[in-house]
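Q: I am new to this structure and would love a close look at one part of it. Please walk me through it step by step, and then show me what surrounds it.

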Amino acid sequence: MKISRVFQYLISITILVVWFIPLLGGLMGSIRPMSEIVTGWWNLSSATFTTHNFQYTWSRIKINFLNTFAIAIPSTILPILIASLASYAFAKMRFFGRDFIFFSFVACLVIPGQIVLVPLLRLLTNLGIRGTFPSIILVHTGFALPFAIFYLRNFFAKIPLDILDSARMDGASEFLIYWKILLPISKPALASLATLQFLWVWNDLLFALTFLSPETFPITVGILNLQSRYAPRWNFLCAGAVISVIPPLIVFLLLQKHFVKGIMMGAIKQ
Amino acid sequence: MEQKVLRQSGKALSPYHFFHVIKIRKKITPYIFIFPAALIFMTFVIFPTVQAFRISLFQWNGISPFQTAQYVGLSNYQELISDRLFINAAKNNVIWLVMFTLLPVLLGLGIALLLELDIKVKNLLKSIIFLPTAISLVVAGIIWSFVYDPDFGVLNAILKSMELEFLARGWLGRSETALFAIIIAATWISTGMCMVILSAGLKGIPPEIMEAARADGANYWQLLRHITLPLLTRPLVIVVALMIINSLKSFDIVYAMTRGGPFYSTDVIALFMYRQAFPFLRAGYGSAVAVILFTIILLIALPYIRRITERTAEY
């Protein structure tokens, strides 16, 4: 029993260290000058703290950082709004073709982004919005819908009908019921979805690289532009990495419970 | 309800008219509710997906009007089968698939089991394994490239300090190690997801079953093999399906770490597709790759989708 106990701790601590070292390396690289990184970031014999890496990197990727907010916030709100509207119909109304339409959405859960790249680029060019924020917001919205509808429809289905019926008796319109009753009582589900979707959009590279232009590129493309062809400047790359993980990390830490719940519902994304 | 209609319309209506208005309203309301979702979905997902199938039958540069594209039948697909770089990317993707399914799932399972035991560092372990889930694959690619750096990387430094200097090398610069180095980085980011799903599965096992088996004298490994793992089949199937699909779609982390190099040793299908369609301006050829990728993913995901729709139908 004792030997197995030692063994358990040995494994736990090994895993902890292996998982922690890359994070620590990134953090140390971002706050130490390159002249010290070349002797090893773990070497603390002459450690200097500097903000120069952040200053330089921020001046390079500030625009991308702000762009990412301009993309990620609407790309989180819009799909949740229109998915919740549709899910209300799927969960609480009877109409011809309901189940067929619902399952058609859900079946598209696994369509890989790659398949739409070429046709969508052409469509967005024809619409005259290629390279703009609305273009990628619409694409992210489209791809968020299957999971959002699947998730919200199942959540709404569990809400007892009598709550909605009493409002109907009072003469409230369906939209009013949706807006004033359904959405407020669905806050936990909406928070789960919003967390998943925000992280997903914040971390996206493929769509951004394909549909956006240098003025609208988000942070993921911004950091990759810090890579140089020759010797990598780890101090700047690490600072860029740290800057780019701050907003998603805050969201993640604040809403971790909701995030886990979202994953549990069968998260297909990552 | 009737009174409301009356008020809205502002004039008296025959009882029959009322009934009619309400009925039509009731009938079209659901369609109004699903309309925005359907419109965006049709325009930005369904329509382009169908288009991709058509474009894959053409020779087209993706820039000039599609009318100038030349219909070539299935020749893009024929060319693919004999394209050595495509075969190479597909082969690498198979390695990805196997390793990227085994490593995070086994590690995630191991850690989930570890968390069931009474260990003091449990919460710290759980948090730190799950933390990378919030990080983008691009950032993971960068901090792991730093780990692998031949001169300033921590990995080679550790090897040197352990007197294993002969193992030290430029991990991403050599074709025999680059692919595995990237898969390790991808494992680092994905294990947390597997751990959380499997951990929830473990929590769902009724303790009475375990206690009964323990009372019958079963040891830990017997419990694991005959009770825990069989009861964990459903979450295991989910994480395996997730990892397989993710490995087929892998693009970001390879793009961030090596762009497919050195000598195409880390090339994967999604990256091959991107390169053909955009820098090389072979939109038709790239679409053929995308269609193949789509078909494989669909075949693998079909049971998964059927399962979640079944679960939905229970309501």
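The part I have in mind is the largest nonpolar core: how many residues does it have, and which of them have the most contacts inside it?

A: Happy to take you there. Please keep in mind that this is a predicted model. The largest nonpolar core has 169 residues. Those with the most contacts inside it are A:Ala86, A:Ala148 and A:Ile149, together with B:Ala37, B:Ala140 and B:Ile182.

A:Ala86 is a good place to start. Leaving out residues up to four places away in sequence, A:Ala86 touches A:Ile149 in its own chain and B:Phe33, B:Ile34 and B:Ala37 in chain B. Two of these partners, A:Ile149 and B:Ala37, also appear among the residues with the most contacts in the core.

From there we can step back to the meeting of the two chains. Their contact takes 78 residues from chain A and 75 residues from chain B. On the side of chain B, helix H2 (residues 15-55) gives the most, with 16 residues. Sorted by class, that side of chain B has 62 nonpolar, 10 polar and three charged residues.

Next, chain A itself. Chain A has 13 helices and zero strands, so-called α elements following one another from the N terminus to the end. With a radius of gyration of 23 Å, well over the 18 Å that the globule rule gives for 270 residues, chain A is more spread out than a compact globule. Its C-alpha trace spans about 75 × 65 × 35 Å along the principal axes. Of its 270 residues, 48% count as buried. Among the contacts in chain A with a separation of 6 or more, 79% join residues 24 or more positions apart.

The domain assignment divides chain A into domain 1 (1-50) and domain 2 (51-264), and their C-alpha centres lie 34 Å apart. Where these two domains touch, 10 residues come from domain 1 of chain A and 11 residues from domain 2 of chain A. On the domain 1 side, helix H1 (2-31) and helix H2 (34-37) of chain A each supply at least two residues, and H1(A) has the largest share, five residues. By class, this side has five nonpolar, four polar and one charged residues. Chain B is also divided in two, with domain 1 at 2-55 and domain 2 at 84-313; the centres of these domains of chain B, taken over C-alpha atoms, are separated by 44 Å.

Buried or exposed: which is A:Leu182? A:Leu182 counts as buried because it has 24 C-beta neighbours inside 10 Å, where 20 or more is the cut-off. A:Leu182 sits in helix H8 (residues 174-185) of chain A. Setting aside neighbours within four places in sequence, A:Leu182 is in contact with A:Tyr88, A:Phe156 and A:Ile177. By contrast with those contacts, the C-alpha atoms of A:Leu182 and A:Val17 are 46 Å apart, with their places 165 residues apart along the chain.

Two other helices of chain A are worth a visit. In helix H13 (residues 256-264) of chain A, the buried residues are A:His258, A:Phe259, A:Lys261, A:Gly262 and A:Ile263. They pack against helix H9 (187-202) and helix H12 (234-254) of chain A, and against helix H8 (178-203) of chain B. Helix H7 of chain A lies largely in the open, because the number of its nine residues that are buried is zero. Just after H7(A), A:Gly171 takes a positive phi of about 90 degrees.

Helix H7 (residues 161-169) also has the lowest mean pLDDT among the elements of chain A, 81, while helix H3 (residues 52-92) has the highest, 95. Chain A as a whole averages a pLDDT of 90, and 98% of the residues score at least 70.

Let's finish with some backbone details in chain B. Most residues other than glycine have a negative phi, and most peptide bonds are trans. The peptide bond from B:Gly261 to B:Pro262 is cis, with omega near -15 degrees, and B:Pro262 is in the loop between helix H12 (252-257) and helix H13 (269-277) of chain B. B:Phe263, found in that loop as well, has a positive phi near 50 degrees. With 11 C-beta neighbours inside 10 Å, B:Phe263 counts as exposed. B:Leu281, in the loop between H13 and helix H14 (283-313) of chain B, has a positive phi of about 55 degrees. B:Leu281 counts as partly exposed, with 14 C-beta neighbours inside 10 Å.

Methods. Residues numbered from 1 in each chain as written. Chains lettered and ligands numbered in written order. Predicted model: local features only at pLDDT ≥ 70, side-chain atom pairs only at ≥ 80, totals over all residues. Helix = DSSP H or I, 4+ residues; strand = E, 2+ residues; numbered from the N terminus. Buried ≥ 20, exposed ≤ 12 C-beta atoms within 10 Å, placed from the backbone. Contact = placed C-beta atoms within 7 Å. Nonpolar A, V, L, I, M, F, W, Y, C, P; charged D, E, K, R; others polar. pLDDT = per-residue confidence, 0-100. Core = buried A, V, L, I, M, F, W, Y, C linked by C-beta atoms within 7 Å. Domains from an automatic or database assignment. Rg over C-alpha atoms; globule rule 2.2 N^0.38 Å.
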